[in-house]
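Me: I've got a structure here that I'd like to talk through with you. Could you take my questions one at a time and show your reasoning?

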Amino acid sequence: MKIKLWGVRGSIPSPGPTTVKYGGNTPCIQAINEEEPGEIIILEAGTGIRELGLSLIKLKPKPRIHILLSHTHWDHIHGLPFFIPIFAAGFDIKIYGPVHYDKKLSEILAGQMDYAYFPVRTAELSSDISYRDLKEERLSVGGLEFQTQYMNHPVMTLGYRITQGGKTFVYTGDNEPYSNFQKEGEILDDENIDEFVEEQNNRVVEFARDCSLLVADSQYTDDEYSAKKGWGHSSIGHAVALATKANVKRLVLFHHEPERTDGQLEGMLASAGQKKEELKNSSLEIFLAREKDEYEI
Ligand SMILES: [Zn+2]
Ligand SMILES: [Zn+2]
């Protein structure tokens with residue numbers, strides 16, 4: 001399996017001279033299963049998916065496409081109306097995402113292609129699109145084994161653990177560590193809540209356990225995080241700590257803050273290296289997510 005990054009930025013696209021090195025497109029990751037070239041597996045439909053679509057449209061025979069969403073915040077779906085295979089007859093596209101209890105996944109995605117926002121409705125698309133709501137489960141997609149797990153983010157969000165031949169890739173999706181807000185607001189009325197928080201954080205560590213590559217939300221510096229707590233994103237310190245506890249081999253810092261320049265990102269990589277030293281984790285390799293980079297799993 002290979003992992004290719006097509007979009008690495010969080011929240012909103014941020015093109016321009018200060019972001020040209022690492023890229024300004026919002027999240028899109030391709031998991032390439034070399035054994036099944038007719039199956040295309042894509043995590044997230046941020047704006048990075050547009051260029052990936054241009055490469056797929058030329059393929060013959062047409063591949064089957066699986067798009068797995070961690071959640072439906074805009075930055076993870078707003079490339080979908082510009083993913084050219086959705087307009088082409090003969091493409092079989094399956095979209096997976098976390099179940100919502102008030103709306104179906106198909107309704108949420110059709111909502112962003114309403115006439116008020118976009119000239120073509122999903123009902124007018126020529127490809128054959130189907131939808132699959134996901135909970136915490138195990139499933140096989142395009143010849144790869146998937147496991148999903150809920151993450152801590154202000155909407156239903158799933159992380160993905162993908163395994164092939166004993167090698168594993170994990171993507172956290174947007175997330176921040178669970179914490180005890182009640183205690184911090186001093187209205188604690190349940191003495192078991194600390195235990196619950198610890199259990200949930202340990203579940204995330206186990207989800208990432210021993211993986212070869214972890215692509216993790218690390219939008220903030222550790223200093224910024226205190227003002228952004230509860231917004232659903234991790235700091236670089238959180239990402240390095242998670243990778244260390246889970247015995248991860250390679251960590252890719254992902255979902256970059258839109259305002260972060262290339263130079264500032266490199267400063268964050270240096271801080272991540274310091275954090276790694278503090279945690280006495282000499283074996284972890286850390287990278288900044290950069291558009292078009294590929295990793296062998
Ligand atoms: Zn996001
Ligand atoms: Zn989000």
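Reply: Sure, what follows is a set of questions and answers on this predicted model.

Me: Let's start with the metals. Which residues are the protein donors of the zinc ion (ligand 1)?
Reply: The donor atoms lie 2.1 to 2.2 Å from this zinc ion. Along the chain their residues follow the spacing D-H-x97-D-x80-H. Put names to that pattern and you get Asp-75 (OD), His-76 (NE2), Asp-174 (OD) and His-255 (NE2).

Me: And what sort of geometry does the site of the zinc ion (ligand 1) have?
Reply: There are four donor atoms here, with angles of 90 to 164° among them. To count as tetrahedral, four donors need all angles between 85 and 135 degrees, so the upper end of that range rules it out. Square planar doesn't rescue it either, and the site is classed as irregular.

Me: How many residues apart in sequence are the parts that Asp-174 and His-255 tie together?
Reply: Asp-174 sits in the loop between β10 (167-171) and α4 (181-184). His-255 is in another loop, between β12 (250-254) and α8 (262-278). Asp-174 is buried, at 2% relative accessibility, and His-255 is buried too, at 1%. Since the two sit in those separate loops, the pair joins parts of the chain whose separation is 81 residues.

Me: Now the other metal. Which residues are the protein donors of the zinc ion (ligand 2)?
Reply: Here the donors lie 2.1 to 2.4 Å from the metal. Their spacing in sequence reads H-x1-H-x79-H-x20-D. Filling in that pattern gives His-71 (NE2), His-73 (ND1), His-153 (NE2) and Asp-174 (OD).

Me: Which residue bridges the zinc ion (ligand 2) and the zinc ion (ligand 1)?
Reply: The two ions are 3.6 Å apart. One residue turns up among the donors of ligand 1 and again among those of ligand 2. That shared bridge is Asp-174.

Me: What about the angles at the zinc ion (ligand 2), and what class does its site get?
Reply: The four donor atoms make angles of 89 to 172°. The tetrahedral window stops at 135 degrees, so this site falls outside it. The verdict for ligand 2 is irregular.

Me: Is His-73 buried or partly exposed?
Reply: His-73 is in the loop between β4 (64-68) and α2 (74-77), and it links up with His-153, 80 residues away in the loop between β8 (144-150) and β9 (158-164). His-153 comes out buried, at 11% relative accessibility. Buried means under 20%, with exposed starting over 50%, so a value between those cut-offs gets the middle label. At 30%, His-73 is partly exposed.

Me: Moving on to the strands: how many of the residues of β12 are buried?
Reply: Arg-250, Val-252 and Phe-254 point one way from β12, while Leu-251 and Leu-253 point the other way, and all of them are buried. The strand is therefore largely enclosed by the rest of the structure. The tally is five of the five.

Me: Which strands pair with β12, and in what sense?
Reply: Five bridges join β11 (residues 213-217) to β12, with Leu-213 standing opposite Arg-250. Another four bridges connect β12 with β13 (residues 285-288), where Val-252 faces Phe-287. So going by those bridges, the partners are β11 and β13, and both pairings are parallel.

Me: Which element supplies the largest share of the lining of the largest pocket?
Reply: This pocket holds about 300 Å³ of space. Of its 19 lining residues, Pro-177, Asn-201, His-238, Leu-242 and Lys-245 are the closest to its centre. By class the lining has nine nonpolar, seven polar and three charged residues. α5 (193-208), β11 and α7 (236-245) each give at least two residues, and the biggest contribution, five residues, is from α7.

Me: How many charged residues line the second largest pocket?
Reply: About 190 Å³ lies in this one. Its lining is Trp-74, His-78, Pro-81, Phe-82, Gly-111, Gln-112, Tyr-117 and Phe-118. Five of these are nonpolar and three polar, which leaves the charged class with no residues.

Me: Last one: how much space lies in the largest cavity?
Reply: The count comes to one cavity of 30 Å³ or more. Its lining includes Leu-80, Ile-86, Met-113 and Tyr-131, and divides into eight nonpolar, two polar and no charged residues. The volume is about 60 Å³.

How values were computed:
Residues are numbered from 1 along each chain as its sequence is written. Chains are lettered from A and ligands numbered from 1 in the order in which they are written. This is a predicted model: local features need pLDDT of at least 70, side-chain atom pairs count only at pLDDT 80 or more; totals for chains, interfaces and linings use all residues. Side-chain values use heavy atoms; hydrogens and water are left out. Donors are N, O and S atoms within 2.8 Å of the metal (3.2 Å for Na, K and Ca); water is not among the atoms, so sites may look incomplete. Four donors count as tetrahedral if all angles lie between 85 and 135 degrees; four count as square planar and six as octahedral if opposite donors are over 155 degrees apart and all others between 65 and 115; anything else is irregular. Buried means under 20% relative accessible area, exposed over 50%, partly exposed in between (1.4 Å probe, protein chains only). On a 1 Å grid over the protein atoms alone, a cavity is a set of points where a 1.4 Å probe fits but cannot get out, and a pocket is an open set with protein on both sides within 12 Å along at least five of seven lines; lining residues have an atom within 4 Å of a point. Grid points are joined across faces, edges and corners, and a volume is the space filled by probe spheres set on the points. Two strands pair if DSSP finds at least two bridges between them.
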